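Notebook open, coffee in hand. I wanted to look up how the two chains meet and how the strands are laid out.

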There are 2 protein chains.
Amino acid sequence: MSNDKTAITPTRAQDFPEWYQQVVRAADMAENSETRGCMVIKPWGYGIWELIQQQLDRRFKATGHQNAYFPLLIPLSYLEKEAEHAEGFATECAVVTHHRLEAQKDEVTGKTRMIPTGELAEPYVIRPTSETIIGAAFARWVQSYRDLPLLINQWANVMRWEMRPRLFLRTAEFLWQEGHTAHETMDEAIVETRMIHGLYEEFLRDHLAIPVIPGEKTENERFPGADMTLTVEAMVQDRKAIQAGTSHYLGQNFSKAQDISFTGRDGTIQHAHTTSWGVSTRMIGTLIMAHADDDGLVLPPRVATQQIVITPVTPKEDTRDAVLASCQALASTLRNQSFHGEPLRVHVDTRDINGGVKKWEWIKKGVPVRIEIGPRDIETRKVCLQRRDQAVTAKEFADKEDFIQRAADILQEIHDSLLAKATTFRDENITPCDSIEAFHAHWGQDNPGWLITPWAGSPEQEDELSGQHKISIRCLPLDKQDEPDAPCVLTGVPTRGRAIWGRSY
Amino acid sequence: MSNDKTAITPTRAQDFPEWYQQVVRAADMAENSETRGCMVIKPWGYGIWELIQQQLDRRFKATGHQNAYFPLLIPLSYLEKEAEHAEGFATECAVVTHHRLEAQKDEVTGKTRMIPTGELAEPYVIRPTSETIIGAAFARWVQSYRDLPLLINQWANVMRWEMRPRLFLRTAEFLWQEGHTAHETMDEAIVETRMIHGLYEEFLRDHLAIPVIPGEKTENERFPGADMTLTVEAMVQDRKAIQAGTSHYLGQNFSKAQDISFTGRDGTIQHAHTTSWGVSTRMIGTLIMAHADDDGLVLPPRVATQQIVITPVTPKEDTRDAVLASCQALASTLRNQSFHGEPLRVHVDTRDINGGVKKWEWIKKGVPVRIEIGPRDIETRKVCLQRRDQAVTAKEFADKEDFIQRAADILQEIHDSLLAKATTFRDENITPCDSIEAFHAHWGQDNPGWLITPWAGSPEQEDELSGQHKISIRCLPLDKQDEPDAPCVLTGVPTRGRAIWGRSY
């Protein structure tokens, strides 16, 4: 393949949304299914999710959380208890109304059809999120302040009926973790909400090489039923925003609706302060859009299903066994090295197929490091090293022993270079804006970046601007709420706060 | 608590089903929810499932399987394709018929109610098992014999509407793994089916200390749509059977119904031979019923959420810090030891509550090893060691250094003693029977054990005997199908095969 051809058609510049679909397909990560809006996550994609799960789970446990599991189906009456919450999810709930099927023979075709029967007195919805059903359990579990804090996490599937699904980013069913905690005081609950927010920011940066902007959502953009929603916002390569994780302080809204109450230290009955927080398989879509290029997926090393793929180059039959043995020996040695406390994930591709096909397959799958070993390399004790963060044509003939010593460092360098590149891109595409004319003009561009503006408008004014340009306030960035006074971009009212605006997925 | 009192009321002898519920409750493992037939799995129970998952998952990957994830909802038309399969699950399917809710205000009460709306053209069922939806994906993925074998596993929730739910053993929603594989030939598919059957047997024996009888199900008891169902059958303490895991050879039934076809080595189009196999959270119910006693849960060490709990005994304030420090130091040292390749799971219970309450809590939670350290033990360098597989009153004052060296061995001894006890119990309660009079009389007893009989009856005769005594053929044990000829217990026809009969959960 020559330099001006790319493994993915179309390129990012030609058609970003279609490029995304083709990257997912070329890496064999997922595909659409016949169940409306639902995807099949294939092994290469699911492997990334397993690594995200393990690494996040370790962090949740280290911060005192325990896993549990709650029912998939939520009685309708639960959902009705918190009005805002019910309204927020009503338009996208899958509803279970029957509990049996009956075979009916079609008189004309002779075929048997299954008909729903056994209608339920009270229908259930498939959880779009579990505040209400976990809240009902918390109400049973909490009696005294001694039972608090309650720090629970669930790994589960949830369902939100999506009208415009997109693999990983927006699917009717998705996999996620949802943390749910209950606390004695508002202060403690807010400390928890912020701690998890920080954990998500770190995780995205240190594991997925995605630099996010941590901030608070405006009232308009809050989780239905929350008093405060914190978010981490990622910018991907078409300059759109992706909300990569949220952490909510729910106040006493759910605890009052569901009676999560306890006898306090002073003997009075009080309602708990609750939080919830989650990240989902959407993060996989985010990492694709953040890092992949016109040759396919580029995996951050910590969540790479395979970190190093070794390909034996065996032009002649008589040296074949020696080359294979050398590759397997190298793989074993590398698997005894570790990267961030986990053994290196190394694969030897022994398939008897064309070498070029093999090479491009691993490029498209985004493997961070590719190694080739041929007959001559055995004598010279060299390996041919190629890195996914460098040009496809770039290669280094490295001393084998030296490579073994450096392998983990090379993975870290790749992580760092992905993070640096994404950070530069993000920073170049967030523009300060203090004039409403410039604001309006900005959104007429193709793939406009984000704007950061002084903002003191009302929720209604925010809604109007958002609707006009198909944008939203992505967040009020945490480190930009105590700036020198400046006039609000719309109203001119002086404010110390700043808002980031952008298009989003 | 004196010796004749038990921590669990009623005892196993008094009321086994109620004893079971009370063990689950006392160990704080799970509880019923308001969603019909569905349970909440609490952290102590879910921790066991996480360990089962990790340990099984390692074995599946070591035998070449990869994880993937498929949609929760199955189009009704998929289910209709394999007739036996559809019929087998029709009476227990949760059906999704709508995809929105609409708020309606009740004119009288003024309350808002949510009403299902957005009726679906084709309803979906929540997967009771995924043969049909995974088969549809396999049909897309398999083109040539080179694409085979396809070795996939899924960790997921499934739903079967249960009329008589029981925590862990039989719940409307449960968690499981389901393996699905496709092969070029019948032989290869049968090798896979048997390999997994053996893996389940070993897992139950080596990880859960449950000695199972491996065997084949009769035609009557097969999985709907299978040509052969292999099972591992556990006997629990009321002598009932629990089917603890099954592995099915599905022949070409599903591949023909769903067109999983490929171009073979000879250029002809052929249908794949498929298998499926699974174990579920039911295993947790099985391990409770197999090992727990009248003082509560008894956990096999490999799946114990905590393996060793250390309790500081701090009668006086002035030695309190030293005792706590000694306990934490011991815990750290132990966590650097490993048991079957995993670091020991050690907890220090520093709660400021009554020592007797603490002790009984850990007994009821089934922790394999309890350690107490008091002020005097620090000087003497001793620990007070208590084992859950021994009498509650039994204790050993062990030299601390010696205990550290022996800790993993002690856990293995506990595993071995649980397994030996369960094996003896099982063997004492399987009775050979060759007379139909003795057969009929046997089932009139309270909690009858299993019978093993020569059997050559028809499916109809099997059905009749089963219905008469509320029993079933649990399996045709693998190692008893080539016995000396003996007359079938019902028909008198000579046979070399033997069947095991029993009551079951």
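Before anything else, my strand rules: two strands pair if DSSP finds at least two bridges between them. Helices (H or I, at least four residues) and strands (E, at least two) are DSSP runs, numbered from the N terminus.

Housekeeping next. This is a predicted model, where local features need pLDDT of at least 70, side-chain atom pairs count only at pLDDT 80 or more, and totals for chains, interfaces and linings use all residues. Residues are numbered from 1 along each chain as its sequence is written, chains are lettered from A and ligands numbered from 1 in the order in which they are written, and side-chain values use heavy atoms, with hydrogens and water left out.

**Strands across the interface**

I started with β5 (residues 95-105), which occurs in both chains. The β5 strands of chain A and chain B run antiparallel and are joined by three bridges. In this pairing I found A:V96 opposite B:V96.

**The interface as a whole**

How many residues does each chain bring to the contact? I noted 64 from chain A and 64 from chain B, with contact meaning heavy atoms within 4.5 Å. The two chains bury about 5,300 Å² between them, 61% of it on carbon and sulfur atoms. Buried area here is the accessible area (1.4 Å probe) that two parts lose on being put together, summed over both. On the chain B side, B:Y69, B:L101 and B:M114 lose the most area to chain A, together 13% of what that side buries.

Then I went through the polar side of things. The rule finds six salt bridges across the interface; a salt bridge needs a side-chain nitrogen of Lys or Arg within 4 Å of a carboxyl oxygen of Asp or Glu. I looked up A:K61 with B:E50, a salt bridge whose closest N and O atoms are 2.9 Å apart. Strand β6 (residues 112-126) of chain B gives the most to the side of chain B that touches chain A, with nine residues.

**The sheet in chain A**

Chain A has an open sheet of eleven strands with mixed pairing, in the order β3-β7-β8-β14-β11-β10-β9-β24-β27-β23-β22. Its edges are β3 (66-67) and β22 (430-432), each with a single partner strand, so one side of each is left without a neighbour in the sheet. I also checked β23 (residues 450-454) against β27 (residues 498-502) in chain A: they pair in the antiparallel sense over four bridges. There, A:I452 stands opposite A:I500.
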